[in-house]
Amino acid sequence: FTESMESAIESRLAQYLAANAKASGALAQERDKLHRWIGDIAHQTRTPIANLLLYAELLCERLQTPQGAPSADRLHAQTEKLQWLMEALLKLSRLETGVLAVRPAAGPVWPAVVKALDGVRPAAAAKNLRLTAEPSPAQAVLDPKWTAEAVGNLLDNAVKYTPPGGTVSVRVTAYELFCRIDVTDTGPGIPEEEQPRIFGRFYRAPNAREAEGVGIGLYLTRQIAAAQGGYLKLQSTPGAGSTFSLFLPRPQPNLMPAKDLPPKETGG
């Protein structure tokens, strides 16, 4: 038996592919295990967190003293933050593992935007923010529930980082292939070197460390956009605010098959 150069390369390549397939399989198993653990933890903590929130609300009502009221309010706020984090982790885990399926279909965009706006109005009013939106009849291929979740995350970030008295606006624009939902704020903006990283899981920009949040909202929004055949884009200038744009595919008309096209007229 004489081993040629070709057979040696083929053998090495086969070994590499086998090792790569084994490593990929092991990584997929670990990822699935991690998602299951997150789901189990979120499920098991739901009841204790609900009880904590209930008792925190009772304390806020009963401890109306200068010494007790601030502590009770902080306890309530932190419990709400923990509840939101566990719900977000559970949604993300189920979305990535396919337990919660995104089912996009052709439909209007505006109802999902309105639902998202309603969710942030109290927080915007508390900071005296001007919340504006331009109604649109645009259609897109979307899952209304998940789209409202994605736009809600963008609006929540905009309200969180816009200083009191600022403006948060929403605008829907229809293009030929995509429908664009812009969420614009008058916040501090994001430096260019930070922009590629803000969509990562749990990433927080250095200038955002003081604000409430855990860095999962934008990652979840990007996952929702991708699951619907869309994508997320950012335009930001430090000191001049930011615009997050959610692009969703538009319904495309069925083209008439060539065999059904009317015959061309020919000159005689």
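**One mixed sheet and the helices around it**

I will start with a single residue: the side chain of Q195 reaches the backbone oxygen of S236 at 3.2 Å, which qualifies as a polar contact (a pair of N or O atoms within 3.5 Å; within protein, one must be able to donate a hydrogen and the other to accept it, and residues adjacent in sequence count only if both atoms are side-chain atoms). This is a predicted model, in which local features need pLDDT of at least 70 and side-chain atom pairs count only at pLDDT 80 or more, while totals for chains, interfaces and linings use all residues. Residues are numbered from 1 along each chain as its sequence is written, and side-chain values use heavy atoms, with hydrogens and water left out.

To stay with Q195 for a moment, this residue sits in the loop that runs between strand 5 and helix 5, the latter spanning residues 217–227. Is Q195 buried or exposed? With a relative accessibility of 17%, Q195 counts as buried, the cut-offs being under 20% relative accessible area for buried, over 50% for exposed and partly exposed in between, with a 1.4 Å probe and protein chains only. If we set aside residues up to four places away in sequence, Q195 touches I190, L234 and S236, where contact means heavy atoms within 4.5 Å.

Now the chain as a whole. Its secondary structure comes to five helices and seven strands, and these are DSSP runs numbered from the N terminus (helices H or I, at least four residues; strands E, at least two). Read from the N terminus, the order of elements is α-α-β-α-β-β-α-β-β-α-β-β. The chain has 268 residues, of which 35% count as buried. Among its contacts between residues at least 6 apart in sequence, 72% join residues at least 24 apart.

Next, the sheet. Five strands form an open sheet with mixed pairing, in the order 2-4-5-7-6; two strands pair if DSSP finds at least two bridges between them. Strand 2 and strand 6 (231–236) stand at the edges, and because each has a single partner strand, one side of each is left without a neighbour in the sheet. From one strand to the next, the twist averages 15°, with axes taken as lines fitted to C-alpha atoms, for helices over the stretch in contact, and angles running from 0 to 180 degrees between N-to-C directions.

Let us walk through the pairings, beginning at strand 2. Strand 2 (residues 130–134) and strand 4 (residues 167–174) run parallel and are joined by five bridges, and A133 stands opposite V170 of strand 4. Strand 4 also runs antiparallel to strand 5 (residues 178–185), with seven bridges between them, and the two form a hairpin with three residues between its strands. Along this pair, S169 is set opposite T184, and V172 faces I181 in strand 5. Lying across strand 2, strand 4 and strand 5 is helix 3 (residues 110–126), which runs at about 175° to strand 2.

At the other edge, strand 6 is joined to strand 7 (residues 242–249) by six bridges, and these strands run antiparallel. K233 stands opposite S245 in strand 7. Five residues lie between the strands of this hairpin, where G239 takes a positive phi near 85°. What separates the two faces of strand 6? One face is covered and holds L232, L234 and S236, whereas Y231, K233 and Q235 make up an uncovered face; two residues of the covered face, L234 and S236, are also touched by Q195.

Finally, helix 4. This helix has 18 residues and reaches 26 Å from its first C-alpha to its last, close to the 26 Å expected at 1.5 Å a residue, a span reckoned as 1.5 Å times one less than the number of residues. At its start, a side-chain oxygen of D143 comes to within 3.1 Å of the backbone nitrogen of K145. K145 itself is exposed, with a relative accessible area of 61%, and its C-alpha atom is separated by 9.0 Å from that of K115, 30 residues apart along the chain.

Buried residues of helix 4 include W146, L154 and V159. N153 is another, counting as buried at 10% relative accessibility. Its side chain makes a polar contact of 3.2 Å with the side chain of T221, and, leaving aside neighbours within four places in sequence, N153 is in contact with G217, L220 and T221.
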